[in-house]
Every structure is written in structure tokens, then in C-alpha cells.
Amino acid sequence: AAPLAAMIPPPPPAHLSMRAEIEWLAGSADNARGVALALSSSLFIGASFIIKKKGLLMSVEKGGSSASAGGFSYLRQPVWWLGMLTMIGGESANFIAYAYAPAILVTPLGAATIAASAVFARFFLGEDMHICGIAGILLCTVGTVVLVRFAPEEAPVTSVEEVWSMAMQPVFRAYVCFVLSFTLALVYGAAPKYGKTHVVVYVAICSMIGSLSVMALRGIGIAAKLTMRGSDQLRKRETLFFILWVGCCIATQMNYLNKALDTFNTTMVSSVYYVFFTVCTVTASMIMYKDWENQTPGSIFWQVVALLVNVAGVHILSGTRDSAPGCRAGLRALLSRRKSEEKPEYTHLCACDDDAEQQQQQQQQQ
């Protein structure tokens, strides 16, 4: 009972202002700023999914080639560019958030993106949201609050050279080599064969490359924060390399994210992307920045619980997306991991539909 009691946080002090309550919940003023920026970012990015999807649909309706077929006619659509600007605004807020809070706190807060995109898709794209989706949104909210409460403090960094030395650790370099080699295998091996039928292919590429971009983004954010405090770090070659690296990663992410959005349901893409991206980014951050090195077992326990609650909420939100109406039907869809037969227009999520694969192989042979 004693170890369990130690894991339960004390109640907040009485008579705190709103700002002080937020800082108490997040653990520090820097974490509070990071949380506020991350949640704002989630709303903007959730909206950008819908706007860009609308632009892709309009492009195809006007006779342009789809992004999944390798076309770029969507670049002529103003609506798609509006979605891109919205995403840039969200990613900018997310970038600043990494300067104030660790990745293990900022990245899982992307669950708010899933909830926002589901709501926006319901009203602006006419996509249905199952009643169980409300439970998923509530779980994401609970997981977010718990995660913020037990968020780790960012380790003090005094120069961008320290960030570079972290990136040069043998273990992190091994992680980078694994990500790059596996991504190349997906791009040239799996994507041409299974990209249009398995959403995990495109999303895995975005997620793994995205985890590397987040590590570099955090380095740029730290450099910017130190520069604003009087120590110029933006002109150093390490910072310039991080900027170049982020540009290459984002270009790759956008390309395959467009392919995924053009091929699969918006809620499915954003949900699967959240899970993969969060796992990859938290793993990369633990290796490079050692976020859990000075944490108590209780804090780590609740962080893992919060992450699992967020993943459960996202799974419920996406897993019941195409099931028949009603909680009982939604529960059956979650337990069976199958799409409802009443809406067969969506392709399956993973390689579990042998009949569909056989039909595809027969069409390719013909």
C-alpha cells in the first residue's frame, strides 16, 4: 500500500490563480507553456487534415491525378494550400512547444489532434462519428490530463553542442541507421505493392522519419530559446545541420501523408499516425535525450498509463469508425478487429484480409 500511495499525487494548494493552477498541473512554467502550445498545435493540425483532404477531393473532381497515383495536381488547389498553411501554423506552435517541454510530454498530446479531426470531419466532410467515438475522446482527455500532471522536467542544456553530442551517441546513431534502412525498405519494397491497401505502410514511413525530425526540431527549439536568452546558438553549424535535416524529413513526411490521406479515411489515417508517431518519437527521445533517466518509478508508471489511455482512446475512436450504429456493435468491432460489412468501401487496416490480397494479385497478373 505504501508504494501505491507514493504514486498518488498530492492535492493542489488552495487559493491558486488559474495560471498558477496550470503551472502546478504541468509541474513548471516551462512545461505549462509547452502544454498550451502543444494543445493549440493539435487543433490547427486537426483542422489541416480536413482542409487538405477537401483540397485533394476537389483536385480529383476537376480531373486531376490523385496523390496516391503519384500526381501533384492538388498543388493547384487554393484549398489544399490553405490546409498546408494551417498545418504550418500548427507545426510552428508544436516546434516552439518542444523548446519548453520534453518530447515525451508534447508528442502524446497529439491525441487532441485525433479528437479534433474526428469532430471536424463529421461537420465538414460528412464522415460519420460512432457513438463510441465520444468515449474515445473522453479517454484521450483523461490521458492528456494525467500525462501533463506527471510530465518529466526537461534536462538543462546550455548549448547546441550538447544536443549534437547527444545525437552522436552510438545507441542513437544505431537507431537512426535502423530507421533509414527500414524506411528505404518500405519505400521501395512495401509501398508499391501494399501502399494502397495497407494504411500502416505510408503511416510507418511518416512516423519513423517524423521521429527523427522531432529530435532535430527540439535541438532547433533549444538553440532558439538559448539565443533569446543572450547566448547566440542559431549561427552554429550544428543548428544549420538540424534545420537542413528537418527540411528533408518534413518533405518526406508530407509526400507520404498526402498519399495516405488520398487513399484512406481521414480518421483512420490520423489515428494510426498518432499511435505510430508517438511510439517512434517517445522511443527516439528516450534514447537521445534520456527523458526517463532521473524520473521516479511512480512518475514513469503514470506516464506509461497516460500513454496507454491515449492509445486506447485513439483505438476506440478509429476502431468503431466504420462499425454499425450502437455501443454493442462498436464493442464487437473493437473485439473482432474487423470492419463492418455494411460499409465495405474502405480498405482494410492491416494484412488480415487474404481474399482482398488474392483479388489484387489476380488483377495485377491480368
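This is a dialogue on reading helix packing and one pocket in a predicted model.

Reader: By what quantities is the packing of two helices described?

Author: Two packed helices are described by the angle between their axes together with the distance between those axes. In this model, α3 and α4 pack at an angle of about 160 degrees, and their axes are 7 Å apart. Since angles over 145 degrees count as roughly antiparallel, α3 is therefore roughly antiparallel to α4. The crossing in which α3 passes α4 is left-handed, and the contact of α3 with α4 divides by class into 17 nonpolar, nine polar and five charged residues.

Reader: How is α3 oriented with respect to α11?

Author: The axes of α3 and α11 cross at roughly 70 degrees and come within 10 Å. An angle from 65 to 115 degrees counts as roughly perpendicular, so α3 is roughly perpendicular to α11. Here α3 passes α11 in a right-handed crossing. From α3, the residues Phe49, Lys52, Lys53, Leu56 and Val60 meet Met254, Leu257, Asn258, Leu261 and Asp262 of α11, and by class this contact of α3 with α11 holds six nonpolar, one polar and three charged residues.

Reader: Which residues of α8 and α11 meet, and at what angle do the axes of these two helices cross?

Author: Helix α8, residues 160-167, has an axis that comes within 9 Å of the axis of α11 and crosses that axis at roughly 55 degrees; α8 and α11 are therefore oblique to each other. Their crossing is left-handed. In α8, Val160, Glu161, Val163 and Trp164 meet Glu238, Thr239, Phe241 and Phe242 in α11, and the contact of α8 with α11 comprises five nonpolar, one polar and two charged residues.

Reader: Turning to the second largest pocket, how much space lies in it, and which residues are closest to its centre?

Author: The second largest pocket holds about 610 Å³ of space. It is lined by 32 residues, of which Ile45, Glu91, Asn94, Tyr273 and Phe277 are the closest to its centre.

Reader: Which helices supply the lining of that pocket, and how do the lining residues divide by class?

Author: At least two lining residues of the second largest pocket come from each of α3 (29-61), α4 (78-100), α6 (111-124), α10 (199-228), α11 (237-263) and α12 (266-288). The largest share, eight residues, is supplied by α4. By class, the lining of the second largest pocket consists of 20 nonpolar, eleven polar and one charged residue.

Definitions and conventions:
Residues numbered from 1 in each chain as written. Predicted model: local features only at pLDDT ≥ 70, side-chain atom pairs only at ≥ 80, totals over all residues. Heavy atoms only, no water. 1 Å grid on protein atoms, 1.4 Å probe; cavity = no way out; pocket = protein on both sides within 12 Å on 5 of 7 lines; lining within 4 Å. Points joined across faces, edges and corners; volume = space filled by probe spheres on them. Helix = DSSP H or I, 4+ residues; strand = E, 2+ residues; numbered from the N terminus. Nonpolar A, V, L, I, M, F, W, Y, C, P; charged D, E, K, R; others polar. Axes fitted to C-alpha atoms, helices over the stretch in contact; angles between N-to-C directions. Parallel < 35°, antiparallel > 145°, perpendicular 65-115°, else oblique. Left-handed = near helix turned anticlockwise from the far one by under 90°. Contact = heavy atoms within 4.5 Å.
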